[in-house]
Amino acid sequence: MLNDRKLIMHLMGKSGFGATPEELDKYVLKGYDNVVEDILNPVHSSSLPEDIIYRYHVDIAESRLPTPTAAKWMYRLVTTDSPLEEKIALFWHGLFASNFADVQQMTMLYEQVDMFRKLGLGNFRDLLLELSKDTAMGQMLDNIDNHADAINENWGRELLELFSMGIGNYTEDDVKEASRAFTGWTRDNLEYTPFWPYGRVAWHHKFDDNDHDFNTKTFLGETGNFDGDQIIDIIVKQKATAEFISTRLYQYFCSDQIDSDGQLAINEMMEAYFTSGYEIRSVLRSLFKSDHFKSDKCTYSKVKSPIELVVGTVRFSEAYSKPTLAIKDLVDQATFMGQTLFQPPSVEGWHEGVEWIDSGTLIERVNFASSEMSDLNKPGVKKLVARIKNELPNSISNEDLLNKCSEMIGCNLSNTTKELLLDSIDNSPNKNHKFDDQIGQILGFIAATKEYQLI
Amino acid sequence: MTSLKKLEYLKTIGIVNIGTNGLGFSNPYDIAFSSDNRIFVINRHDAPINFKPEDASAIRVGVLNYEEEYLGEFGNGFGENDGQFRLPVAMDFDSKGKLYITDEFNNKVTVFNSSGDFLFSWGDYGDGLGEIDGPAGISIDHEDNVYVVDQNNHRIQKFTNDGQFILSWGAFGCGKGEFNMPWGIFADLQGDIYVADWRNNRIQEFTNTGEFKAIYENDFNRPSSVVVDESGLLYIADWGNHKVKILNKSGNLLSVLDGQATLSKWAKEWYDKLPDQLEARKKANLVPELPSQFNTPYQKSAQTEPYFWGPVSVKIDSENRLYVVESLRHRIQVFSI
């Protein structure tokens, strides 16, 4: 079992993007269970204010193009004090994947993510209902072309297959009936999508009762005059839905692989789903408070996504606390590693786990993390170095220094890696001679290890 | 509210033109009028994040007239060399016809003649007297003194028209004479100075030596620009509310403008080539009822094409016409005052 500090570091890594030593100090005083409640119930979350971002970046304010809008989210990711709010938005963004190539309307894609942020820890029924009305999703999966006299099954199919129950738990007839129930769920001014003369006009949902199929439907064994709302009511009470959502949350917040203990944890998450009335917050509480989650086998059990790697590293270096043109570099770095916000490769989202890693993306990850963590000009690195110096006695070995540095950034190095790194450290540490440089060098080394890629 | 000051909407000027040069605007940010009635418009452009070398020259000053003839443009693109910009903010003419433009990234004031030729520039980054950090609004009084908003030092600096420091006033805070990231500035004919005290949500009035005179507040949300007409009425770009408000010198609210843009001459010319798109526009409801989650000023304006979206600057020309520059709709709405 991990000690309190390591346990909370594990929780913050999995539920957010890690924690600085100062943040950990505060969390340890609160205790694990209280921290779990705090992160599950964010109140008045704070990040770099939008007005300050909009004033500096007119392109972010307009949200016309993908990169500035991704940069807007990146500011929030790297400066928020409620990281789970962003992490859950990122989870739903990957699961309910919509992308710029298909939607071509960044304002609405950002609104979609904002909806994930607001509802993502709440009731799954509310989330699915808002997703059904979401105009970016309506464009992405063609529900705007789903008419009473000519249904388009794309939304109905993916709602069941990719977003709630998973294949094998419904029939083709269920897809058709669900699609009929969502006819007329469209958007206002459907034909007016100007870029000229005055830029894009944002979208909003509209129910067109002239284009809705009001006839009786039979869906998953139930018959009635169902609208989309009732279809969602039926979906959320299915055992398959509880299993699908709990499994996806487990894989995202705990471990890429599911063993028998993991399956037991998922079963408990499913129970929490039903007893809470489909509250995602309760499902995650069940996971985070489980003995399984706290066990050694669940630490360093996931490959960091590019966003987790970039954001986690930058939150340590604290280099983006005010607007800067360099914010684009962070978006680009994640792209080079295989993940561009608002541009998942398909409606299936990103392929995660070890699939994040190939020879090209690994080099990008190592170069970025190592460069950022060894940069003594970054305010967070400066603080880290000062703290490491302060906590070490005057006489120390290379191994002492390596252990302290890895502890500070929550990276659990294997003995093999330690030996390799110790071979690479040139001089014995001397607190009176270029010690800051040496700490920076070691932090950079640690950020380049295999272990740093894991969470 | 009952409008106590009626303004007549006259026209809209502009069409979006991003990434290329020529007719149109790319995130217009400020406007100035030369003595021969030409209209100069800063195009801040979105190059900084979407930067592509071929787009660089789209950061420019466009020149046109009230009849919407596009007369040309100048600026040497994205950069820090002579005549180049990174994040241009505001501009004003002096009595000799020289145009002064601030750049909050380059920390410079760059001066051109009215033909667009680079003359000189000044500005050193810092917080000492005469140094600047994020110059924003600029205004030149009738004696050709240059007032520059020193945004990140939270103060106003006064220079001669060749960049020699005269004096400064203000510091960070929310008391009288203090500022929080000020933006726009206006020197009126009486020699008084009005400052859009952006993050304090107010306008402050000073003498031309920085003595505090008055504060104007009216539920502003990050006001970015202020201009005062000959009768003393204040016109304020209420940037965060996406509106323009008109106040008298007693601070009473006389009118609120939402914006009522129509097709500009350039927009009509564009639609002449694409009649199908014009038909789609005619059928659209341009002022729709919105679902409750979009009941924010930003979303209302993002969803309602005629409304102001990102009103960054207000200016009045010699014909007593009020120009409202909209950075996010790439256009300028004009009203008779």
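Here are four short exercises with worked solutions on a predicted model.

**Exercise 1. A pair of crossing helices**

Task: Work out which words describe the angle and the handedness of the crossing between α7(A) and α9(A), and find which residues meet there.

Solution:
- Start with the two things that describe any such pair: two packed helices are characterised by the angle between their axes and the distance between the axes.
- Here the axes of α7(A) and α9(A) come within 8 Å of each other and cross at roughly 125 degrees.
- Now place that angle in its class. Angles of 65 to 115 degrees count as roughly perpendicular and those over 145 as roughly antiparallel, and α7(A) and α9(A) are therefore oblique to each other.
- For handedness, the crossing of α7(A) and α9(A) is right-handed.
- Finally, look at the residues. From α7(A) come A:E85, A:E86, A:I88, A:A89, A:W92 and A:H93, and they meet A:V113, A:F116 and A:R117 of α9(A).
- Sorted by class, this contact has five nonpolar, one polar and three charged residues.

**Exercise 2. A salt bridge between two helices**

Task: Find which parts of chain A are tied together by the pair A:E86 and A:R117, and decide whether these two residues are buried or exposed.

Solution:
- First check the bond itself. A:E86 forms a salt bridge with A:R117, and the closest N and O atoms are 2.8 Å apart, inside the 4 Å limit for a salt bridge.
- Next, locate both ends. A:E86 sits in helix α7 (residues 83–95) of chain A and A:R117 in helix α9 (residues 106–119) of chain A, so the pair ties together parts that are 31 residues apart in sequence.
- Last, consider their surroundings: A:E86 and A:R117 are both buried.
- To put the pair in context, the count over all chains comes to 51 salt bridges.

**Exercise 3. Helix α23 of chain A, inside and out**

Task: Describe a salt bridge within helix α23 of chain A, then the way α23(A) packs on α24(A).

Solution:
- Begin within the helix. The side chains of A:K404 and A:E407 meet in a salt bridge, with 3.7 Å from N to O.
- A:K404 and A:E407 both belong to helix α23 of chain A and are three residues apart, about one turn of the helix.
- Compare their accessibility with the 20% and 50% cut-offs. A:K404 counts as buried because its relative accessibility is 13%, while A:E407, at 44%, counts as partly exposed.
- Then widen the view: A:K404 and A:E407 are part of a network of salt bridges that also links A:R5, A:E22, A:D25, A:R387 and A:E391.
- Now turn to the neighbouring helix. The axes of α23 (residues 398–408) and α24 (residues 415–424) of chain A come within 10 Å and cross at roughly 120 degrees.
- α23(A) and α24(A) are therefore oblique to each other, and the crossing is right-handed.
- At the contact, A:N398, A:E399, A:L402 and A:N403 in α23(A) meet A:K418, A:L421 and A:L422 in α24(A).
- By class, that gives three nonpolar, two polar and two charged residues.

**Exercise 4. A residue in a strand of chain B**

Task: Say where B:T102 is found, whether it is buried or exposed, and which residues it is in contact with.

Solution:
- B:T102 belongs to strand β7 (residues 99–103) of chain B.
- Its relative accessible area is 0%, so B:T102 is buried.
- Leaving aside neighbours within four places in sequence, the contacts of B:T102 include B:L87, B:P88, B:V89, B:K108, B:V109, B:I138 and B:V148.

Methods: Residues are numbered from 1 along each chain as its sequence is written. Chains are lettered from A and ligands numbered from 1 in the order in which they are written. This is a predicted model: local features need pLDDT of at least 70, side-chain atom pairs count only at pLDDT 80 or more; totals for chains, interfaces and linings use all residues. Side-chain values use heavy atoms; hydrogens and water are left out. Axes are lines fitted to C-alpha atoms, for helices over the stretch in contact, and angles run from 0 to 180 degrees between N-to-C directions. Helices (H or I, at least four residues) and strands (E, at least two) are DSSP runs, numbered from the N terminus. Angles under 35 degrees count as roughly parallel, over 145 as roughly antiparallel, 65 to 115 as roughly perpendicular and the rest as oblique. A crossing is left-handed if the near helix is turned anticlockwise from the far one by less than a right angle, and right-handed if clockwise. Contact means heavy atoms within 4.5 Å. Ala, Val, Leu, Ile, Met, Phe, Trp, Tyr, Cys and Pro count as nonpolar, Asp, Glu, Lys and Arg as charged, and the others, Gly among them, as polar. Buried means under 20% relative accessible area, exposed over 50%, partly exposed in between (1.4 Å probe, protein chains only).
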